[in-house]
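Student: I am new to this structure and would like to go through it slowly, one question at a time. Could you show it to me before we begin?

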Amino acid sequence: MISAGLMNTLQVTVLVLVAVGATVVVRTRTRVRQVLALSVYGMLLAILFLVFQAPDVTLSELTVGAVVLPIILLLAIAKVRKREQ
Amino acid sequence: MTPRQRLWFFAVAAAGLVACYLWAFTGLPGFGSYPGPYGQEILRVAVQQTNATGVVSAINFEYRGFDTVGEEFILFAAAAGMSVVLRKLREERETEPADEAESRTVPPSSSAVRVAALLMVGPTALLGWWLASHAQASPSGGFQGGVILASAFILIYLAGEFLSFRRLSPDALLNAVEAVGAGGFVAIGLAAIAMNLPYLYNYLPLGTVPGAVSSSGTIALISFFVGIEVAAAFVLIVGELLDQTLLRSA
């Protein structure tokens, strides 16, 4: 069993990582890089939900936040770029 | 407004927000404590009542099944809206994917990427299928399984096979599967009404072993229908966007 103290440390660590990740997403200025940062942020959120013992939400966040949303955004960026040329 | 005034305005507003925020914090329940009565009650009765050990699925597809129908149709409406908005317009030309900047040499996707993506298609599809059909047993469900199933198709595209991706996912088939998935959920609920039971009442045999694949009655069945609906919806959405990006130009 994981001790309660270690669990709390893990929770605090992941909360800090999520806050840092969100800041990185907002501060990133290049579109494609921002999408990649968003994908990593989705992964961090998934880990957060796992650490807070919500495996169902972890799976949803992992699939939608880290995979499908970045793909949709990348395709939209590619389309806009094509029109700009 | 001068920048100086704006800064003061912001400072006052921010101070007010921080004060209200801190005040609200003092009224929150303690970290990790849950004051509502429903959670404890559901945990006590759910496994006995539904024979589903995946209690979250039992809640999603049974206790609040009617809410989930509504959520399912959000995705359904989104995919339908996408198909309508991104349909081929009269002034749009559909062309083969072409290199728009011929002077620039684009390296082809490396064999490592292609092989890795292709190798992951099978396991990903299996994982999605497993998640969608084991909602009653473990933390999973139709939604998560469906999205992972859809990402198996997206991997085929990542392996560099745009045409294979489109051939494997014809829009007519996707539309049909999506409609069957969404309609199936509603029909399972309506069947209960036909039997003079409340809408979405769990009328199927619950099985003897809690958490077995054959347990939990309508919960497992609804999760399966949600799974195929979600998979079809996401493949449809990504397919429409790929068509739009790669094939069409105004």
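Student: How many residues of chain B are in contact with chain A, and how many are charged by class?

Tutor: This is a predicted model, in which local features need pLDDT of at least 70 and side-chain atom pairs count only at pLDDT 80 or more, while totals for chains, interfaces and linings use all residues. Residues are numbered from 1 along each chain as its sequence is written, and chains are lettered from A and ligands numbered from 1 in the order in which they are written. Taking two residues to be in contact if their C-beta atoms, placed from the backbone, lie within 7 Å, one finds 18 residues of chain B in contact with 15 residues of chain A. If Ala, Val, Leu, Ile, Met, Phe, Trp, Tyr, Cys and Pro count as nonpolar, Asp, Glu, Lys and Arg as charged, and the others, Gly among them, as polar, this side of chain B has 10 nonpolar and 7 polar residues, and the number of charged ones is 1.

Student: Which elements give two or more residues to the side of chain B that touches chain A?

Tutor: Helices here are DSSP runs (H or I, at least four residues), and strands are runs of E of at least two, numbered from the N terminus. On the side of chain B that touches chain A, the elements giving two or more residues are helix 6 (142–158) and helix 9 of chain B.

Student: How many of the residues of helix 6 of chain B are buried?

Tutor: A residue is buried if 20 or more other C-beta atoms lie within 10 Å of its own, exposed if 12 or fewer, and partly exposed in between, with C-beta atoms placed from the backbone. By that count helix 6 of chain B is mostly covered, and of its 17 residues the number buried is 16.

Student: How are helix 8 and helix 9 of chain B oriented to each other?

Tutor: The axes, which are lines fitted to C-alpha atoms, for helices over the stretch in contact, with angles from 0 to 180 degrees between N-to-C directions, come within 8 Å for helix 8 (residues 171–194) and helix 9 (residues 218–247) of chain B and cross at roughly 150°. Angles under 35 degrees count as roughly parallel, over 145 as roughly antiparallel, 65 to 115 as roughly perpendicular and the rest as oblique. Helix 8 and helix 9 of chain B are therefore roughly antiparallel.

Student: Which residues of helix 9 of chain B make the contact with helix 3 of chain B?

Tutor: Helix 3 (residues 55–63) of chain B packs against helix 9 of chain B at an angle of about 85°, with the axes 9 Å apart, which makes the two roughly perpendicular. Helix 3 of chain B brings Ser57(B), Ala58(B), Phe61(B) and Glu62(B) to the contact, and helix 9 of chain B brings Ile219(B), Ile222(B) and Ser223(B).

Student: Is Thr53(B) buried, exposed or partly exposed?

Tutor: Thr53(B) lies in the loop between helix 2 (38–50) and helix 3 of chain B. Because 19 other C-beta atoms are within 10 Å, Thr53(B) is partly exposed.

Student: Is Leu200(B) buried or exposed?

Tutor: Leu200(B), in the loop between helix 8 and helix 9 of chain B, has a positive phi of about 65° although it is not a glycine. Most residues other than glycine have a negative phi. Since Leu200(B) has 24 other C-beta atoms within 10 Å, Leu200(B) is buried.
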